Amino acid sequence: MLHTLDTHTSKTWFITGISRGFGKEFACQLLARGDIVIGTTRDGTSDVAASAGRLTVFALDVTDGGAVRKVVADAFASGPIDVIVNNAGYGLMSSIENATDAEIDRVMDVNFHGPRRIIQAALPYLRRQRRGHIVNITSIAGIAAGAGSGYYAAAKYALEGLSQSLAREVAPLDIKVTCVEPGAFRTDFLTARSLRTSSMMDSDYAATAGASADYLAKLAGRQPGDPVKGVTAILQAVDSANPPLHLVLGPDAIKRADEMLKAFAADLDAWRAVGMATDHGSEAETAGEAS
Ligand SMILES: NC(=O)c1ccc[n+]([C@@H]2O[C@H](COP(=O)([O-])OP(=O)(O)OC[C@H]3O[C@@H](n4cnc5c(N)ncnc54)[C@H](OP(=O)(O)O)[C@@H]3O)[C@@H](O)[C@H]2O)c1
């Protein structure tokens with residue numbers, strides 16, 4: 001049954017990007033309820049208050065593959081880890097046409113390859129444990145992309161796709177996977193510390209990508225989502241007996257997800273007959289589930 005709470009027993013968490021925002025809130029709530037947190041920040045420091053022994057902080061930039069493998073190995077050296085949270089990330093606003101190669105490579109590196117590196121490094125340990133839960137913080141932009149955030153969305157879509165495949169591969173090993181898709185939450189995400197805007201924006205995109213960038217600039221500091229409640233909701237999902245593959249957070253995100261699903265269903269229905277007529281003739285055999 002959905003939303004059934006397990007009796008909470010103390011868990012050990014590995015979380016990227018606990019310097020601020022969702023990551024810091026995770027660390028604070030988990031430590032307050034008695035869990036153990038292994039967190040990463042880029043400079044290896046944290047101002048999160050913790051009783052001795054329950055918070056370990058490693059220095060990590062998730063774009064450094066060698067460092068990811070070392071930090072993950074060091075984290076598992078002190079014992080089993082129950083939950084891995086891929087939280088670190090940042091946004092890029094640009095039209096598809098105008099972003100530079102460097103901007104695109106960086107946003108994919110941090111938001112997709114960072115979590116991918118952590119997952120690949122952690123899986124051998126999680127498989128040996130025969131338990132664990134991988135939580136990937138993607139975005140509503142990772143299931144319903146809007147104008148102006150195409151490359152950020154592409155990175156988050158990639159992480160969504162990886163997560164769906166991964167969930168199927170590791171379910172028999174008792175490892176769970178959850179994607180969290182937040183809407184606009186009031187963290188540092190829309191400040192210049194996290195949101196980059198391409199300087200290349202062409203005036204032809206002013207009404208689409210440009211308008212999205214302007215909207216986010218005005219939304220900064222006024223986002224409807226409360227990160228404290230957002231993190232509490234994620235903990236509820238992780239603690240539940242039946243964690244979801246998708247956890248959409250915030251009324252804004254749920255509205256966008258509903259609209260995306262309706263539009264997808266409308267396309268599917270409108271073009272169903274055309275799509276259904278593309279098999280070989282009567283000799284075609286049902287191929288089963290496509291990869
Ligand atoms: N807030 C929202 O509205 C929202 C909506 C949808 C999805 N999300 C996702 O939620 C996650 C957390 O974002 P947030 O809202 O908490 O934003 P935030 O307050 O800006 O925090 C971002 C965190 O990511 C870390 N980080 C960025 N680049 C990194 C790198 N290369 N290596 C390691 N750490 C790095 C930052 O570390 P530094 O302090 O060192 O920069 C910081 O700890 C992100 O994946 C974001 O895409 C947020």
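This passage walks through a predicted model, starting with a central strand and moving on to its neighbours, the ligand and a few single residues.

A good place to begin is strand β6, which covers residues 132–137. How many of its residues are buried? The count is six of six, so strand β6 is mostly covered. Its side chains split into two sets: Gly132, Ile134 and Asn136 point one way, while His133, Val135 and Ile137 point the other way. Both sets are buried.

Strand β6 has partners in β4 and β7. Strand β4 (residues 83–86) runs parallel to β6, and four bridges join the two. With strand β7 (residues 175–182), β6 again runs parallel, this time with six bridges. Valine 135 is a handy residue to follow here, as its bridge partner in β4 is valine 85 and its bridge partner in β7 is threonine 178. Another pair along the β6–β7 border is glycine 132 in β6 with isoleucine 175 in β7.

The link between β6 and β7 is also worth tracing. Together with helix α4 (residues 150–170), these two strands make a β-α-β unit. Which hand does this unit have? The unit is right-handed.

Strand β7 is a well-covered piece too. Seven of its eight residues are buried, so β7 is largely enclosed by the rest of the structure. Besides β6, strand β7 pairs with β9, in the parallel sense and over four bridges. In that pairing, proline 182 stands opposite leucine 249 of β9.

Back in β4, asparagine 86 deserves a closer look. This residue sits in strand β4, and what makes it count as buried is a relative accessibility of 3%. Because the cut-off for buried is under 20% relative accessible area, asparagine 86 falls on the buried side with its 3%. Its side chain is joined to that of asparagine 136 by a polar contact of 2.9 Å. Asparagine 136 belongs to the set in β6 that also holds Gly132 and Ile134, so this contact ties a side chain of β4 to one of β6.

Next comes the ligand. There are 27 residues around it, and the ones that come nearest are Ser19, Arg42, Tyr152, Thr187 and Ser194. By type, the shell divides into eleven nonpolar, ten polar and six charged residues. Some polar neighbours can be picked out by distance. An N or O atom in the side chain of serine 194 is 2.3 Å from an oxygen atom of the ligand. For threonine 187, a polar side-chain atom lies 2.5 Å from a ligand oxygen. Glycine 89 takes part through its backbone, where a polar atom is 3.3 Å from an oxygen atom of the ligand. How much of the ligand does the protein bury? Taken alone, the ligand exposes 900 Å², and the protein buries 95% of that. The elements giving two or more residues to the shell are α1 (21–32), α3 (101–129) and α4. Helix α4 thus turns up twice in this account, once in the shell and once in the β-α-β unit with β6 and β7.

Helix α3 also holds arginine 106. This residue is partly exposed, because its relative accessible area is 27%. Arginine 106 and tyrosine 151 are 45 residues apart along the chain, and their C-alpha atoms are separated by 9.9 Å.

Glycine 250 can be found in the loop between β9 (246–249) and α7 (251–270). Is this glycine buried or exposed? With a relative accessibility of 17%, glycine 250 counts as buried. Its C-alpha atom is 34 Å from that of arginine 69, a residue 181 positions away along the chain.

Finally, two loop residues have a positive phi although neither is a glycine. Arginine 130 has a phi of about 60 degrees and sits in the loop between α3 and β6. It counts as partly exposed because its relative accessibility is 47%. Aspartate 174 has a phi of about 65 degrees, and its place is the loop between α4 and β7. With 53% relative accessibility, aspartate 174 counts as exposed, since the cut-off for exposed is over 50%.

Note on methods. Residues are numbered from 1 along each chain as its sequence is written. This is a predicted model: local features need pLDDT of at least 70, side-chain atom pairs count only at pLDDT 80 or more; totals for chains, interfaces and linings use all residues. Side-chain values use heavy atoms; hydrogens and water are left out. Buried means under 20% relative accessible area, exposed over 50%, partly exposed in between (1.4 Å probe, protein chains only). Two strands pair if DSSP finds at least two bridges between them. A crossover is right-handed if, with the strands pointing away from the viewer, the path from the first strand over the helix to the second runs clockwise. A residue is near a molecule or strand if one of its heavy atoms lies within 4 Å of it. A polar contact is a pair of N or O atoms within 3.5 Å; within protein, one must be able to donate a hydrogen and the other to accept it, and residues adjacent in sequence count only if both atoms are side-chain atoms. Accessible areas come from the Shrake-Rupley method with a 1.4 Å probe; for residues, only the protein chains shown count as cover. Ala, Val, Leu, Ile, Met, Phe, Trp, Tyr, Cys and Pro count as nonpolar, Asp, Glu, Lys and Arg as charged, and the others, Gly among them, as polar.
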